[in-house]
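Subject: Handing over the structure

Dear colleague,

I am passing on the structure we spoke about, and I would be glad if you could open it beside this message and follow along as you read.

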Amino acid sequence: MTDWFLPAGGPGSPDEWCFQTVTTADIKVYSDYQSYYDRVAALMSQAKDNNEIFLVGWAFTMYMVLTLKFGIQGPVDLKTFIKGALGRQARVRLLLTRSHSWSDNATEVANATSEGVTEAVIDDQLHPDTSFHQKAAFIKLDSTTNLFVGGMDITLGRRSDPGWFDVQAEIIGAGAHLGRKTLEERWESLKPPLGGLSSTQQSIPQGSGDAHRVQFVRTYPPCPTDTTNWKRTYAKNGDHTYYCLLSRAIGAATKSIYIEEQFFQTMGPAPTRTNPTGGSSPRERSDVPDFPRPLEDLLQDAISRGVKLVVVSNGRGGAANPPLRDTLVQTLKGGANPPVLLQVPGDKKFVHSKVWIFDDHTDDGFVVIGSANFWQPSFTSTGLFAEGEFGVGFTSKVDGKSLGFEKVSFARALRIKLWERLRQDQDPTYTWPRDKAASLDDEIKELIKPIGGADPFTAMA
């Protein structure tokens, strides 16, 4: 079996938990906003005394309609679920980044406070003009513990016509407790824990089931010279685990890599390497490989050794920097094993996903889902504009039955589910043929097959 995960950290190190992997009871994946919001609403509606709701966002809207499924009065907003949980004595926390062009988070914190959320705060402990881009929710009930991580914010504008393509993972069980540590680390930098015992150093409750194995990763830039009014002490030299995990996975891939991505453009310089050859001892989250390289260079290497690369993204105008998108496309296109680089039509849904799937036609597939985009701010700390990101990598022993495609790997079933919903955006009646004997080339042909006489995608040029 491929060792996809980052090596374990040194015992007793403050960063040991950053490299931990655990088995977890279940993983669910949501490929549309409404199913994710319905799930969050269903869990929130059960929260009561000794239960917890912890929402962490880049964008957030307290008064958005969260679901249409509950209550005879019709649509129910997020405020109603929060107030209901508070009324049942559940602990509710809200952690947002500084306000930005999409979301007035200072106002949202004020709105939450006015509705009785006494633990609602802004975390602005990053470089100027940047933000914590994490999108996560942690919900602990009596019978289950759930952590959501991916590209989906709980906010307005994501499901309205034409809506956004996106992906969110739900980690259930021991993995949720491990992922929670990333959120608690940020929280504790603003609200030091009583007694001084950090949640990051607490042991993880014993879980049940070993169907899935998970590891969480982050991007944080190092602290700047001037940290006036900061309480943050973690990741002083940065956190490069997200970049390192993807670097490792690209290098380990032997068959295929699928990327569904908002921004797809040349990343530029790899993170600055400050650790000694072979890594710090004990390992630190700021460590990078002995020979750090941009992800696009690693993808070129993968293509040259026969790995099939498939990418779905937005049109050139949807890139943060179109010339850098052009550079990446031209860099990858040459050679005897050309990648499949596709863009959705401009009048269709906006691709906001940040998902990578590796070697899914084997029993050894690997998936990474999170908030980081394929561009410099998400994966490096080589400038002032590096974002704070959060993602999860996982392997699965189970087949894809829960994703609607049994007797194939969980990773392959997930990719087919994503490809099916890409085609359904243009033909709502479409159903992907579940043929476990189909090759990856067969599935690519199905993905790009004309719909109503028109091509569903255009090639990146």
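What follows goes from the overall build of the protein to its strands, and then to a few places in the backbone and one residue in a loop.

Please keep in mind throughout that this is a predicted model.

Overall build

The protein contains 10 helices and 22 strands, and its C-alpha atoms fill a box of roughly 60 × 60 × 45 Å along the principal axes. A compact globule of 461 residues would have a radius of gyration near 23 Å, and because the protein has 21 Å, the two values agree. Of the 461 residues, 58% count as buried. If we take the contacts between residues at least 6 apart in sequence, 77% of them join residues at least 24 apart, which is worth remembering when you trace the chain by eye. On the outside, the protein exposes about 18,000 Å², and carbon and sulfur atoms supply 52% of that area. As for charge, there are 49 positive and 54 negative side chains, and the centres of these two sets lie 2 Å apart.

The strands

Strands of a sheet pair through backbone hydrogen bonds, and they do this either parallel or antiparallel. In this protein, 9 strands form an open sheet with mixed pairing, in the order E1-E12-E19-E18-E17-E13-E14-E15-E22. Its edge strands are E1 (22-24) and E22 (458-459), each of which pairs on one side only. Within the sheet, strand E18 (residues 366-370) and strand E19 (residues 389-396) are antiparallel and share 4 bridges; one place to look is Ile-369, whose bridge partner in E19 is Val-392.

Strand E6 (residues 91-97) pairs with strand E3 and with strand E7. With strand E3 (residues 52-57), E6 runs parallel over 6 bridges, and Phe-54 has Arg-93 in E6 as its bridge partner. With E7, E6 is again paired in the parallel sense, here over 5 bridges, and Leu-96 is matched with Ile-122 in E7. E6 is also mostly covered, since 6 of its 7 residues are buried.

Which residues cover the two faces of E9? On one side there are Thr-145, Leu-147 and Val-149, on the other Asn-146, Phe-148 and Gly-150, and all of these are buried. With 6 of its 6 residues buried, E9 is therefore largely enclosed by the rest of the structure. E9 pairs with E8 in the antiparallel sense over 5 bridges, the two being joined by a hairpin of 4 residues, and Ala-136 has Val-149 in E9 as its bridge partner. E9 also pairs with strand E11 (residues 168-172), antiparallel and over 5 bridges, where Gly-150 stands opposite Gln-168.

Backbone places to check

Most residues other than glycine have a negative phi, and most peptide bonds are trans. With that in mind, four places deserve your attention.

- Asp-161 and Pro-162 are joined by a cis peptide bond with omega of about 5°, and Pro-162 sits in the loop between strand E9 (145-150) and strand E10 (164-165).
- The peptide bond from Ser-281 to Pro-282 is also cis, with omega near 0°, and Pro-282 belongs to the loop between strand E13 (256-261) and helix H6 (295-304).
- Asp-129, which is not a glycine, has a positive phi near 65°; this residue is in the loop between strand E7 (119-123) and strand E8 (136-140), and it counts as exposed because its relative accessibility is 67%, above the cut-off of 50%.
- Lys-407 has a positive phi of about 65° although it is not a glycine; Lys-407 lies in strand E21 (residues 405-409) and is exposed, with a relative accessible area of 61%.

A residue in a loop

Is Glu-387 buried or exposed? This residue lies in the loop between helix H8 (376-379) and E19, yet it is buried, because its relative accessible area is 13% and the cut-off is 20%. Leaving aside residues up to four places away in sequence, Glu-387 touches Thr-130, Ser-131, His-133, Thr-219, Tyr-220, Pro-221 and Pro-377. The C-alpha atoms of Glu-387 and Val-217 are separated by 13 Å, and these two residues are 170 residues apart along the chain.

With best wishes

Technical notes: Residues are numbered from 1 along each chain as its sequence is written. This is a predicted model: local features need pLDDT of at least 70, side-chain atom pairs count only at pLDDT 80 or more; totals for chains, interfaces and linings use all residues. Side-chain values use heavy atoms; hydrogens and water are left out. Buried means under 20% relative accessible area, exposed over 50%, partly exposed in between (1.4 Å probe, protein chains only). The radius of gyration is taken over C-alpha atoms; the globule rule is 2.2 Å times the number of residues to the power 0.38. Contact means heavy atoms within 4.5 Å. Accessible areas come from the Shrake-Rupley method with a 1.4 Å probe; for residues, only the protein chains shown count as cover. Lys and Arg count as positive and Asp and Glu as negative; His and the chain ends are not counted. The place of a charge is taken as NZ of Lys, CZ of Arg, CG of Asp or CD of Glu. Two strands pair if DSSP finds at least two bridges between them.
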